[in-house]
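Subject: Structure for your files

Dear colleague,

Here is the structure I said I would pass on. My notes on what turned up in it follow below.

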Amino acid sequence: MGVFSQEGYQLRLEWGPEGVGALRDCDVLVIVDVLSFTTSVDLVVGNGGQVRPSRWRPESGRTLRPASLVEEIGLVELPSPNGSNLCFLAAETGAHVLAACLRNATAVARRAQELGKTIGVIPGGERWGLDILNEGPREFGPLRPCVEDYLGAGAVLAALAGKASPEARLAATAFRTTDVPAAVRGCGSGRELIENGHSADVDLAVRINVSTAAPVLVDGVLR
């Protein structure tokens, strides 16, 4: 990927599946999908459970509801069109793979620096044309960079030490200088959930550094 691998920097950021490919030489890859895969993972692992990411299929019709996982314990299979798929792709690079959200950003950053020197943070983003709340699932469209994942990635990067690429540094700055809960609630993704009756999911997602869970993917399971 040449310059797009952000070679020469310890802390890097790139978006989505293509970002995983660009940063595939990192020791650690941190997946961020705030609404709602990695928030759901944090809730399950924080309660002593484990999560098996699974391939999301449009015909399944199943969506993630973090509010339904507050007391979940055991092994949970969670499909997701973004975060779960990114975990699969990241695992194929041979890097250590972690799942981060706003709730556990500092804990994940600490664990990431224990695992490696070069850390790539991958905000998942959303997909245009994918509407799982109103009209039913449709085919994936192009990547839509989204506020919540950019700020979630910035929260992780703000807690990391090392030489940061411009991409990573700007995300950390955005996190430090933004009213994060207000931004997430007011952005398109947050409004979509709130207007469809899922404000409890957003309320759980915008709590910053309330969790010490640092889920690591081991043998296909986040624990």
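Asn209 is partly exposed, because its relative accessible area is 35%. Asn209 lies in the loop between α9 (199–205) and β9 (217–218). What drew my attention to Asn209 is its positive phi of about 55 degrees, although Asn209 is not a glycine. Please keep in mind throughout that this is a predicted model.

Other backbone points

Gln6 has a positive phi of about 55 degrees too, and Gln6 is not a glycine either. Gln6 is found in the segment before β1. Is Gln6 buried or exposed? Gln6 counts as buried, since its relative accessibility is 4%, and the cut-off for buried is under 20%.

Phe4 is also placed in the segment before β1. Phe4 has 52% relative accessibility and therefore counts as exposed; the cut-off for exposed is over 50%. Leaving out residues up to four places away in sequence, Phe4 touches Ala22 and Leu23. Between Phe4 and Glu14 the C-alpha distance is 8.6 Å, with their positions 10 residues apart in sequence.

There is also a cis peptide bond to look at, running from Leu35 to Ser36, with omega near 20 degrees. Ser36 is in the loop between β2 (28–32) and α2 (37–46).

The chain as a whole

The protein chain has 9 helices and 10 strands. What radius of gyration does the protein chain have? The value is 16 Å, and a compact globule with 223 residues would be near 17 Å, so the two agree. Along the principal axes, the C-alpha atoms of the protein chain fill a box of roughly 45 × 35 × 35 Å.

Of the 223 residues, 53% count as buried. The protein chain exposes about 9,600 Å², and carbon and sulfur atoms supply 50% of that area. Among contacts in the protein chain with a separation of 6 or more, 75% come from residues 24 or more positions apart.

Aromatic rings

The count of aromatic pairs comes to 1. The pair is made by Trp15 and Tyr150, whose ring centres are 6.2 Å apart and whose planes are at 10 degrees, so the pair is stacked. For reference, planes under 30 degrees apart count as stacked. This pair links distant parts of the chain: Trp15 is in the loop between β1 (11–13) and α1 (16–22), Tyr150 is in helix α5 (residues 147–158), and the two are 135 residues apart.

How covered are the two partners? Trp15 counts as buried because its relative accessibility is 15%. Tyr150 counts as partly exposed because its relative accessibility is 24%.

Another ring has a charge over it. The charged end of Arg144 sits over the ring of Trp128, at 5.7 Å from the ring centre.

Helix α5 and its surroundings

Helix α5 has 12 residues. From first C-alpha to last, α5 reaches 16 Å, close to the 16 Å expected at 1.5 Å a residue. How many of the residues of α5 are buried? The number is 9 of 12, so α5 is mostly covered, given that buried means under 20% relative accessible area. The buried residues of α5 include Glu148, Asp149, Leu151 and Ala155.

Ala155 lies in helix α5. Its relative accessible area is 4%, and Ala155 is therefore buried. Which residues does Ala155 touch, not counting residues up to four places away in sequence? They are Leu102, Ala105 and Phe175. Ala155 and Leu102 are 53 residues apart in sequence, and their C-alpha atoms are 6.5 Å apart in space.

Leu151, one of the buried residues of α5, also has a contact with Thr178. Thr178 is placed in the loop between α6 (166–176) and α7 (180–186). Apart from neighbours within four places in sequence, Thr178 is in contact with Leu151 and Ala183. Thr178 and Leu151 are 27 residues apart in sequence and 8.5 Å apart in space, C-alpha to C-alpha. Thr178 counts as partly exposed, because its relative accessibility is 32%.

Regards

Notes. Residues are numbered from 1 along each chain as its sequence is written. This is a predicted model: local features need pLDDT of at least 70, side-chain atom pairs count only at pLDDT 80 or more; totals for chains, interfaces and linings use all residues. Side-chain values use heavy atoms; hydrogens and water are left out. Rings of Phe, Tyr and Trp (its six-membered ring) pair if their centres lie within 6.5 Å; planes under 30 degrees apart count as stacked, over 60 as edge-to-face and the rest as tilted. Helices (H or I, at least four residues) and strands (E, at least two) are DSSP runs, numbered from the N terminus. Buried means under 20% relative accessible area, exposed over 50%, partly exposed in between (1.4 Å probe, protein chains only). A charge sits over a ring if NZ of Lys or CZ of Arg is within 6 Å of the ring centre and within 35 degrees of the ring normal. The expected span of a helix is 1.5 Å times one less than its number of residues. The radius of gyration is taken over C-alpha atoms; the globule rule is 2.2 Å times the number of residues to the power 0.38. Contact means heavy atoms within 4.5 Å. Accessible areas come from the Shrake-Rupley method with a 1.4 Å probe; for residues, only the protein chains shown count as cover.
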